[in-house]
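Biologist: I would like to go through this model with you step by step, beginning with one charged residue and what it pairs with. Please show me the sequence and the structure before we start.

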Amino acid sequence: FGGGLNHSSWVSEDGSIAAVAEETHTLPLYFVDLDDLTDMQVIGEFQEPLFEPDSNDNIVHNPFIKGNLCYVAYYHDGLQILDISDPADPVRVGYFDSDPDPTTYNGYLGAWGTYPYFPSDHVIVSDVKYGLHVLEVDQSLMAADWKDFQVSYWDTEKFSLHTEFQTTYAIER
């Protein structure tokens with residue numbers, strides 16, 4: 001794919017696509033069409049850093065596909081949750097930054113693993129430095145497209161947050 005090696009991958013429940021992570025700085029998460037195993041093609045990519053918008057040095061680690069969502073441990077960028085209803089155009093619909101330290105994209109700190117298959121629908125994220133996080137993901141909040149999301153850190157205890165989004169469903173009145 002991008003010149004790295006397949007570090008980890010996960011196949012969708014219906015076997016039609018795979019999410020492929022090469023665990024190499026600067027390489028995206030790939031989505032591969034598996035309909036013809038003799039001619040597999042990359043049909044989509046995701047690489048959008050959260051905290052260093054001008055950098056693509058982030059590292060994708062371990063993806064899992066559950067329904068139309070792909071849960072990905074993304075080291076310095078934490079857990080990324082992608083809507084892959086259209087795997088050619090994956091869209092981030094949620095995230096959790098497990099490492100509150102400033103992002104440098106240097107080394108392998110941050111979200112190392114995730115797991116979204118508990119009967120409780122909780123998702124776990126393991127962070128190399130900060131340990132295990134147990135999350136409740138409210139999928140009803142995922143019916144929106146992020147237009148803009150910016151976090152500015154003032155110091156280790158204060159930050160500002162700017163978000164803009166648009167709903168992707170009709171609201172009945």
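Biologist: Is K66 buried, partly exposed or exposed?

Modeller: This is a predicted model, and in it K66 has a relative accessible area of 23%. Buried would require a value under 20%, and exposed a value over 50%. Because 23% falls in between, K66 counts as partly exposed.

Biologist: With which residue does K66 form a salt bridge?

Modeller: K66 sits in strand β5, residues 62–66, and its partner lies in the loop between β9 (111–115) and β10 (122–127), so the pair links parts of the chain that are 55 residues apart. The closest N and O atoms are 3.2 Å apart, where the cut-off for a salt bridge is 4 Å. The partner has a relative accessible area of 48% and is partly exposed. That partner is D121.

Biologist: Which residue forms a salt bridge with K129, and where does each of the two lie?

Modeller: The closest N and O atoms of this pair are 2.7 Å apart. K129 lies in the loop between β10 and β11 (131–136) and its partner in the loop between β8 (91–96) and β9, so the bridge ties together parts that are 28 residues apart in sequence. The partner counts as partly exposed, at 27% relative accessibility. The residue that forms this salt bridge with K129 is D101.

Biologist: How many helices and how many strands does the chain have?

Modeller: Read from the N terminus on, the elements form an unbroken run of β entries. The count is therefore 0 helices and 13 strands.

Biologist: Which element gives the most residues to the largest nonpolar core?

Modeller: The largest nonpolar core has 13 residues, and those with the most contacts inside it include L29, F31, C70 and V72. The elements that give two or more residues to this core are β2 (17–21), β3 (29–33) and β6 (69–73). With 3 residues, the element that gives the most is β2.

Biologist: How many residues are in the second, separate core?

Modeller: This second core is separate from the one just described, and among its members are Y71, A73, L79 and V137. In soluble globular proteins, nonpolar side chains tend to be buried together. The size of the second core is 11 residues.

Biologist: What share of the residues in the chain is buried?

Modeller: The chain has 173 residues, and a residue counts as buried when its relative accessible area is under 20%. On that basis, the buried share is 41%.

Key. Residues numbered from 1 in each chain as written. Predicted model: local features only at pLDDT ≥ 70, side-chain atom pairs only at ≥ 80, totals over all residues. Heavy atoms only, no water. Helix = DSSP H or I, 4+ residues; strand = E, 2+ residues; numbered from the N terminus. Buried < 20%, exposed > 50% of the residue type's maximum accessible area, 1.4 Å probe, protein only. Core = buried A, V, L, I, M, F, W, Y, C linked by side-chain atoms within 4.5 Å. Salt bridge = Lys/Arg side-chain N within 4 Å of Asp/Glu carboxyl O.
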